[in-house]
Amino acid sequence: MHRVSKIFQPALIIPKNATVKNQDITSKSQKLMLEQGLIRQAGNGTFHVLPLLQRSVEKATNVIDLHMQSVGAQKLTLPMLTSADLWKKSGRLGGASGSNGPPTELLQTTDRHGKVQILGPTHEESITALLAAIAPVSYRQFPLRLYQISTKFRDEMKPRFGLMRAKEFLMKDLYTFDVDRDKCRQTYEEVNEAYHRMFSAVGVPFVKVSGDCGTMGGSLSHEYHLPSEVGEDELVHCTRCGTRSNAELVETLCQQCETCNGSSKAFERQAGIEVAHAFILEDRYTKALGATCLQPNGKPVPLQMGCYGIGVTRLIAAAVEVLSDEKEIRWPLLLAPYRVCIITPKAGSKEEAVATPWVERIYHSLQAVKGCQGDVVVDDRDQLTIVLSTMKLICETCTINRAVTGGKRVFLKTILAIGKGSEKKSDETKIMLITTANKTGTKYGAVKNISKIFTRFIDEGKATISFIVPEHDVQIKSDKTQLTAFLKVLKLVLTGGRLSDTAPAASSSELASQLRLPCLTINNQKASFLNSTNVLSTKCVIRNRKDYPQKGFSRLLVSLEISDIKLSRFDSQILLLQKLRTLNLSGNCLKTLPKSLGQLRLNELDVSSNDLWNADWGWLLEPNVQSSLQCLNISNNGLSCLPINVVYARSLVTLSAEANHIGKLPFAIWKMNRLRVLLLARNHIDGIPETIRRMRLEKLDLSDNRLGENESTVPDLRLANEATTHPSGLFELAARVVIDRKLPYALPGCVPFTVLETLHRTPLCGCGKPCFASKVYERAKPKVRT
């Protein structure tokens with residue numbers, strides 16, 4: 001059984017008020033890994049990888065092995081030391097570059113015989129020498145794909161960011177050999193597809209850009225980056241043509257892109273952490289070192305080579321850097337040291353006798369669950385207490401004195417807290433109110449001093465606490481979830497910590513010990529916190545990364561704008577804003593939107609100028625957003641077609657999809673009977689469906705399209721020649737039965753989804769019925785490749 005108490009995890013404890021003098025720790029990942037005992041510094045640029053992080057390294061290695069095997073790669077181990085003579089032959093060392101010494105980043109050693117060896121950062125010379133030793137090889141043996149995962153070395157001038165830029169690191173390097181350039185390019189595409197699948201499986205947002213071949217040489221190169229502010233590479237994205245590249249190639253990008261015309265105004269820039277690289281080396285190394293193959297005509301020719309690297313430890317550190325906040329590590333599930341943690345009760349608590357026998361049973365039961373075998377750990381540190389984080393509530397309150405009649409009710413920003421009255425009287429539990437009008441705070445007794453708590457309007461985030469002494473009623477308005485959690489803690493205080501009505505009550509001193517109630521004190525930080533514009537605000541505008549809140553958004557937000565800050569990942573904290581009605585995420589780098597976005601009751605959503613050309617629009621199928629969304633802007637996203645799920649947004653009034661690459665509109669667009677404004681300018685539309693006549697549009701913008709290139713802007717609905725028609729498909733036959741028998745297919749669940757899609761694609765005849773035998777329907781049928 002894996003137990004936390006047995007794991008070697010020497011945490012670096014920093015006192016709360018200590019001043020950290022070491023300024024070399026400049027990244028979250030390095031700071032968090034050191035503090036939580038995942039790594040320990042061994043020297044300048046070198047680290048001990050401790051047991052917890054070692055589990056993540058092994059998981060990353062297994063993921064890489066799986067995707068390398070998917071492209072037919074074979075694993076081997078190459079020597080860490082490579083002869084300097086090989087490096088001289090390849091031109092990467094010494095006289096080939098006009099220098100007598102090694103490149104500054106190479107670590108070298110000299111043996112007792114005076115021979116120089118290189119501690120390789122890469123192994124192109126070593127693997128090519130292996131192929132050269134058995135050359136020439138028959139063309140029938142290729143393609144050949146060999147890879148290793150081993151320790152590499154680089155003499156960094158200034159190591160920083162922990163594992164992201166160290167002198168010693170773990171890396172996967174794949175080397176491929178093909179008989180000609182076409183096969184080499186085919187291998188390059190296959191490996192890049194495997195990289196795309198692998199990084200998508202890891203679950204951290206990534207960007208693929210064109211890269212500089214640099215000292216590696218070759219003709220083609222691509223890099224994989226995790227967008228992050230600490231990234232040392234600058235990535236450039238042309239919003240006009242969609243090209244992405246490293247800033248090192250920006251001049252070449254301007255020359256190649258006809259749409260940009262060399263204008264940097266079309267470029268979006270962001271920082272990134274490089275975690276992988278791919279090169280086509282052609283015969284740069286094979287020709288110099290003599291690695292050849294025999295062609296069918298019997299003549300030897302140099303092999304065409306490619307190399308593909310992934311920084312294993314850098315990938316883990318970069319993922320932690322991107323996902324974590326300043327105080328806690330957040331792992332991608334695929335790389336987390338453990339998937340499940342079972343927390344045991346505190347020693348001496350009432351729950352210990354009941355829960356302890358279940359710990360081992362739950363542990364062994366989880367071992368049988370797919371994906372959890374060997375991935376469960378038991379936190380058996382029974383001397384610790386779980387600290388409740390819901391003892392403080394940020395809210396608005398109005399205090400009413402029942403002894404005084406009349407008066408105006410005014411709600412003030414408030415910090416509402418539960419804790420001990422003082423350090424000396426540890427058994428005295430009180431409730432404190434700190435408001436903008438009373439920054440010294442008011443303390444109310446909690447136990448036996450609350451006559452009633454009114455929760456009739458808890459679903460609206462409202463409640464009232466009625467105190468006996470003094471005769472005050474405190475009306476509370478806050479987020480529903482946070483208010484409910486606060487009242488649950490208050491209930492534990494009032495009931496003596498009973499988990500159920502039949503459980504015995506605990507004394508006040510026992511309760512304070514179990515809940516670890518803090519002492520209620522006032523300081524300037526708490527009082528000034530209420531004056532912040534972000535506290536309990538209903539509107540938030542973020543147009544600079546520095547303005548992004550570190551402690552989350554106010555749960556009372558109604559309007560949120562996060563625009564033009566190159567946001568590459570949808571912030572999951574937005575999904576907690578149940579009162580949010582207007583959301584603006586324009587001018588970012590979002591590639592997808594979560595399905596749970598549809599659970600919000602948004603009225604307006606602006607996701608224009610992002611990268612949603614390949615996004616999943618399943619969130620539009622959620623009932624909440626279908627019934628509430630009235631304005632949707634998806635302009636400038638590189639869309640090749642209008643998402644079919646848009647037609648299910650039945651409350652939509654305004655739809656803007658300008659500056660995309662849309663060529664066709666769905667025939668079911670007529671079902672959007674509330675739509676009044678449809679903006680489709682600057683697309684590639686060459687025809688509009690006949691069904692658009694049935695809509696009640698007040699504004700339709702189709703300017704700068706291709707409507708003038710065809711004979712008619714309305715598709716031909718005349719019957720096709722029966723001699724040229726093909727047998728009807730099963731979905732079409734099912735759709736015909738639905739129409740003939742007048743089944744109510746508009747009602748949800750009455751007709752299978754696939755049949756419903758067929759009905760939506762089908763154009764309407766002049767009589768109003770679907771017309772299956774038309775040229776339009778034939779063009780709308782999905783193409784099936786055989």
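**Figure 1. A cis peptide bond ahead of P136.** In this predicted model, P136 sits in the loop that runs between α4 (124–133) and β7 (137–138). Look at the link from A135 to P136: this peptide bond is cis, and its omega is near -5°. That makes a good stop for a newcomer, because most peptide bonds are trans.

**Figure 2. A second cis bond, at P470.** Here the view moves to the loop between β25 (462–467) and β26 (472–477), where P470 lies. V469 and P470 are joined by a cis peptide bond with omega of about -10°.

**Figure 3. F161 and K448, two residues with positive phi.** Most residues other than glycine have a negative phi. F161 has a positive value, near 65°, and is found in the loop between β8 (144–153) and β9 (168–178). For K448, phi is near 60°, again positive in a residue other than glycine. The loop between β23 (442–445) and β24 (450–454) holds K448. Which of these is buried, and which is exposed? F161 has a relative accessible area of 12%, so F161 is buried. K448 has a relative accessible area of 78% and is therefore exposed.

**Figure 4. Helices α1 and α8 crossing.** At what angle do the axes of α1 and α8 cross? The axes of α1 (residues 28–35) and α8 (residues 312–323) cross at roughly 100° and come within 8 Å. The two helices are therefore roughly perpendicular to each other. On the α1 side, the meeting residues are K28, S29 and M33; on the α8 side they are I316, A317, V320 and E321. Sorted by character, the residues of this contact are four nonpolar, one polar and two charged.

**Figure 5. The largest nonpolar core, with Y195 in view.** This core has 58 residues, and M33, Y195, F199 and L226 are those with the most contacts inside it. Helix α8 gives the most to the core, with nine residues. What does Y195 touch, leaving aside its neighbours within four places in sequence? Its contacts are M68, K172, Y224, A276, H277, Y308, G309 and I310. Another core, of 54 residues, lies apart from the largest one; L602, V646, A649 and L675 are among its members.

**Figure 6. Stepping back to the protein chain.** To place the close-ups, here is the wider setting: the protein chain has 16 helices and 34 strands. Of its 786 residues, 47% count as buried. The chain exposes about 41100 Å², of which carbon and sulfur atoms supply 51%.

Methods:
Residues numbered from 1 in each chain as written. Predicted model: local features only at pLDDT ≥ 70, side-chain atom pairs only at ≥ 80, totals over all residues. Heavy atoms only, no water. Axes fitted to C-alpha atoms, helices over the stretch in contact; angles between N-to-C directions. Helix = DSSP H or I, 4+ residues; strand = E, 2+ residues; numbered from the N terminus. Parallel < 35°, antiparallel > 145°, perpendicular 65-115°, else oblique. Contact = heavy atoms within 4.5 Å. Nonpolar A, V, L, I, M, F, W, Y, C, P; charged D, E, K, R; others polar. Core = buried A, V, L, I, M, F, W, Y, C linked by side-chain atoms within 4.5 Å. Buried < 20%, exposed > 50% of the residue type's maximum accessible area, 1.4 Å probe, protein only. Areas by Shrake-Rupley, 256 points an atom, 1.4 Å probe, with all protein chains shown as cover.
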